[in-house]
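Student: Can you walk me through one helix up close, and then what the core is made of? I'd like the cut-offs as you go.

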Amino acid sequence: KSLGNQQSLQVFYNSSLGLPYTTDDSRLTKEALFECTKDYPYRMPQSIPTSQPGTFMGVDVGKVLHVVIDEVPKPDCPRAVFIGRVPSFDALDRIMDQYNVRLGVVDARPETREARRFQARHPGRIYLCDYNSSETPSTELKVDEKDGWLQADRTQVMDRGLANILT
């Protein structure tokens, strides 16, 4: 079914077979990443005013928590103010306060109970994201604002991120 459609073929290899596959035009290179960099000065946490609006966080959950916090001082001009690893959700609480995170998205898996507890400690500020992959990819991001859940197709999210870097 996927023959002749590069996107479907990649989803089949990656999701159904569990094998790596990428097309030549979707390879991420060091050069492409370096083209995205800008000369932003890195600012230490204590120099960020507690009233700083527009600070957002993304957390990838694994053995440690991989965290990225961006501020958006002007529309369409995000800049990273923290990129690092945090050992636990308790430590993540301190990072939330330190950077005055207004809104964050945390992987719901594999630590769903811990992620839910963290979300409960920061009502209205944390969404849990459940990534799925399917043979019929959907570009639609499903948002449940009441319960603070997002549902996204992992392959589509990665493809959109790659497209942002390559364009």
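Tutor: Sure, definitions first: helices (H or I, at least four residues) and strands (E, at least two) are DSSP runs, numbered from the N terminus. Bear in mind that this is a predicted model, where local features need pLDDT of at least 70, side-chain atom pairs count only at pLDDT 80 or more, and totals for chains, interfaces and linings use all residues. Residues are numbered from 1 along each chain as its sequence is written, and side-chain values use heavy atoms, with hydrogens and water left out.

Phe12 sits in helix H1, residues 6-17. H1 has 12 residues and reaches 15 Å from first C-alpha to last, close to the 16 Å expected at 1.5 Å a residue (that is, 1.5 Å times one less than the number of residues). Leu9, Gln10 and Val11 of H1 are buried, while Phe12 is partly exposed, with a relative accessible area of 34% (buried is under 20%, exposed over 50%, partly exposed in between; 1.4 Å probe, protein chains only). Right after H1 comes Gly18, with a positive phi near 70 degrees.

Now the core. The largest nonpolar core has 23 residues, and Met57, Val67, Ile69, Leu92 and Val106 touch the most other members; such a core is a set of buried Ala, Val, Leu, Ile, Met, Phe, Trp, Tyr and Cys residues joined through side-chain atoms within 4.5 Å. H3 gives the largest share of this core, five residues. Leaving aside neighbours within four places in sequence, Val67 is in contact (heavy atoms within 4.5 Å) with residues including Met57, Phe82, Ile83 and Leu92.
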